Amino acid sequence: MTAGVSDRRPTWVEVDLEAIRSNVAAIRTRLEPGTALMAVVKADGYGHGAVAVARAALTAGAARLGVATPEEGAALREAGVTAPVLVLGPTAPEQWPLVAEYGLEAAVADAATAGGLAAAARQQGRVVGVHLKLDTGMGRWGLLPEECDRPWVEALLRGRLSPWLRPAGLMTHFATADAHPDPGTRDQLARFLDVVERLRTTGLLPGCLHAANTAATCRYPGTHFTLVRVGLGLYGLYEDPACPAQRPALRWLSRVVFAKDVPAGFAVGYGATYRTSAPARILTVPVGYADGYRRALSNRHEVLIRGRRYPVVGRVSMDQITVAV
Ligand SMILES: *Cc1c(COP(=O)(O)O)cnc(C)c1O
């Protein structure tokens, strides 16, 4: 699959869907028996194209999809994707109708969202599956373990908050599963298991439990539960000895459009932040920060030309970079 970054310049990205399929298959071989894989395709599939990545991952055995927003889920449905889709992030009132309309599932961590989703589901005549999101140590978005005995939580998990909400899952998210050494995952897992046990004894445990991102999936089999939520690993972007070898799925390509030979002491680019120390050849490549080539990479990045690395010199411009060879 090729996507044009610009239709006016010879700059494009190539996404290797075979690499996505192979990464999914490799990770699946590491899952505990009975654990399913959710392919996380938020932010347009980490920039790779959500619909194409979703289809490739499902072909390779992913059972579900994860997105950040209802709009992302709606776009998958509009493209004909029918697999279960969970909205992983918080949702706002104006997004609740989309969740029901497009048959998505949603994570919830507060009573107002649960109530709003129930109202939207009733209005659309469509039951919405909800996953209770616990904050076991990420410190970002989620219900604290000690808040799990609130009446609305119990009502939700009993299926009594509304006939239009189906208690579908219990989830948490790890903050440090990729850290070496890892200061927090063990504690987070213990807190999650504690809630799981409490809910099990009261008969309130939902059927689907999930916690692991790519790093936890690779490093901690004890976090697999019903489902693992894999993003980075799909795209070949999580490197760790504990992970199966992955294939990067994206290449960003362009062409050299200009070359000039310059003497020593020659200033290059905005701000004259680079000066040649010896006679050099400076190449112009038509990609810049308007394309997402970050300006912060000025004078501190490299490009591959015919397999060799060359430094990006001078500031990254809006639509050009300069390279010294
Ligand atoms: C983005 C996200 C993931 C995937 O994380 P990776 O590190 O990319 O595998 C999993 N769970 C949640 C809740 C997320 O937001």
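**Ligand contacts, a disulfide and backbone oddities**

User: What makes the pairing of the ligand with L232 a polar contact?

Analyst: An oxygen atom of the ligand is 2.8 Å from a polar backbone atom of L232. The cut-off is 3.5 Å between N or O atoms, so this pair counts. Keep in mind that we're looking at a predicted model.

User: Which part of G231 and which part of K42 does a ligand oxygen meet?

Analyst: With G231 it's a polar backbone atom, 2.9 Å from an oxygen of the ligand. With K42 it's an N or O atom in the side chain, at 2.6 Å from a ligand oxygen. The protein covers 89% of the 390 Å² of accessible area that the ligand has on its own.

User: Where does the ligand sit, and which elements give two or more residues to its shell?

Analyst: The ligand takes up the space of the second largest pocket. Helix 2 (42-46) and strand 10 (227-230) are the elements that give two or more residues to the shell. The residues around the ligand include V40, K42, Y46, H173, N213 and R229.

User: How many nonpolar, polar and charged residues does the shell have?

Analyst: Five nonpolar, four polar and two charged. Glycine counts as polar here, and G231 is one of the surrounding residues.

User: How do you know that C218 and C243 form a disulfide?

Analyst: Their sulfur atoms are 1.9 Å apart. The limit is 2.5 Å, so the pair passes. A search of the whole structure turns up one disulfide.

User: Why is the disulfide of C218 and C243 called right-handed?

Analyst: Because the torsion about its S-S bond is about 70 degrees.

User: And what does the C218 and C243 pair tie together?

Analyst: C218 is in helix 9 (residues 214-219), while C243 is in the loop between strand 10 and strand 11 (250-254), so the bond links parts 25 residues apart in sequence.

User: What makes the peptide bond between H180 and P181 cis or trans?

Analyst: Omega is about -5 degrees there, and the bond is cis. P181 is found in the loop between strand 8 (165-172) and helix 8 (185-201).

User: Why pick out the phi values of A43 and Y46?

Analyst: Most residues other than glycine have a negative phi. A43 isn't glycine, yet its phi is positive, near 50 degrees. Y46 isn't glycine either, and its phi is also a positive value near 50 degrees. A43 lies in helix 2, and so does Y46. Y46 also turns up among the residues surrounding the ligand.

Key. Residues are numbered from 1 along each chain as its sequence is written. This is a predicted model: local features need pLDDT of at least 70, side-chain atom pairs count only at pLDDT 80 or more; totals for chains, interfaces and linings use all residues. Side-chain values use heavy atoms; hydrogens and water are left out. A residue is near a molecule or strand if one of its heavy atoms lies within 4 Å of it. A polar contact is a pair of N or O atoms within 3.5 Å; within protein, one must be able to donate a hydrogen and the other to accept it, and residues adjacent in sequence count only if both atoms are side-chain atoms. Accessible areas come from the Shrake-Rupley method with a 1.4 Å probe; for residues, only the protein chains shown count as cover. On a 1 Å grid over the protein atoms alone, a cavity is a set of points where a 1.4 Å probe fits but cannot get out, and a pocket is an open set with protein on both sides within 12 Å along at least five of seven lines; lining residues have an atom within 4 Å of a point. A molecule sits in a cavity or pocket if more than half of its atoms lie within 2 Å of its grid points. Helices (H or I, at least four residues) and strands (E, at least two) are DSSP runs, numbered from the N terminus.
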